[in-house]
Amino acid sequence: MLAQDGKSGSRDSNGYYADLTSQLIKEKTALLLHYAGPDVDDIYDTLPSTSSNEDYKTVVEKFNQYFSPQTNVAFEVFNFRQAKQKPDESLDSYHTRLRHLSQTCEFSDLAKEIKDYIILTCTSNSLRRRALRDNLDLPNLMKTGRAIELSQKQASQVEQQEFSSVNSVRRGNIQQPNTEATAPQDRVLRTND
């Protein structure tokens with residue numbers, strides 16, 4: 001049964017509900033160790049200060065610490081600094097890639113690092129100039145970058161349409177107006193003999 005606030009807890013002096021909650025946590029931990037397999041169970045036995053009375057969250061935290069690889073922050077920063085925007089990569093994709101790379105860099109001001117690096121390495125010169133001129137923060141840099149990308153894409157489509165029209169004229173593929181209907185067809189020029 002649950003306490004009146006909807007949470008499990010002790011309502012009477014014998015601690016029935018507290019014991020029930022403790023038992024459920026132990027069962028959850030036992031199920032984790034069972035389904036993870038004997039190798040993980042052996043690792044659990046070697047972890048420092050583990051006992052059968054630990055709650056599930058503590059056990060999961062200890063496993064996360066054990067299985068998490070050790071990171072070399074300097075190397076992670078090196079990897080971050082090697083990233084460059086690819087010619088066909090959108091600004092949003094590049095931003096997402098930089099966010100992913102920066103997760104292990106331990107930057108003190110993540111938004112500033114990403115903003116500065118986008119300005120230095122983006123493929124859009126107009127975005128770079130605008131960001132340097134207006135001193136944009138990261139959200140405004142992204143907003144401006146999206147607008148520039150969209151306008152370049154739209155302008156490219158318009159220019160492509162104009163280019164194909166000009167090429168049609170150059171190749172002579174343009175339809176000439178029908179002049180035969182307005183000119184007399186049987187007109188012959190006669191000379192006096």
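Me: Which residues in helix 4 meet which ones in helix 6?

Reply: In this predicted model, F80, R81 and Q82 of helix 4 meet E113, I114 and Y117 of helix 6. By class, that contact has three nonpolar, one polar and two charged residues. The axes of the two helices come within 10 Å and cross at roughly 40°.

Me: What makes R97 and E89 a salt bridge?

Reply: Their side chains meet at 2.8 Å, N to O. The cut-off is within 4 Å, so the pair counts.

Me: Why is E89 called buried, and R97 partly exposed?

Reply: Buried means under 20% relative accessible area, and E89 has 12%, so E89 is buried. R97 has 24%, which falls between 20% and 50%, so R97 is partly exposed.

Me: How do you know that D116 and K115 form a salt bridge?

Reply: The closest N and O atoms are 3.6 Å apart. That is within 4 Å, so the label fits. K115 is also part of a salt-bridge network with K112 and D116.

Me: Is K115 buried or exposed?

Reply: K115 has a relative accessible area of 13%, under the 20% cut-off, so K115 is buried. Its partner D116 is at 24%, so D116 counts as partly exposed.

Me: Why are R130 and D134 about one helical turn apart?

Reply: Because they sit four residues apart in helix 7. Their side chains meet in a salt bridge too, at 2.7 Å, N to O.

Me: How many salt bridges does a search of the whole structure find?

Reply: Seven.

Conventions. Residues numbered from 1 in each chain as written. Predicted model: local features only at pLDDT ≥ 70, side-chain atom pairs only at ≥ 80, totals over all residues. Heavy atoms only, no water. Axes fitted to C-alpha atoms, helices over the stretch in contact; angles between N-to-C directions. Contact = heavy atoms within 4.5 Å. Nonpolar A, V, L, I, M, F, W, Y, C, P; charged D, E, K, R; others polar. Buried < 20%, exposed > 50% of the residue type's maximum accessible area, 1.4 Å probe, protein only.
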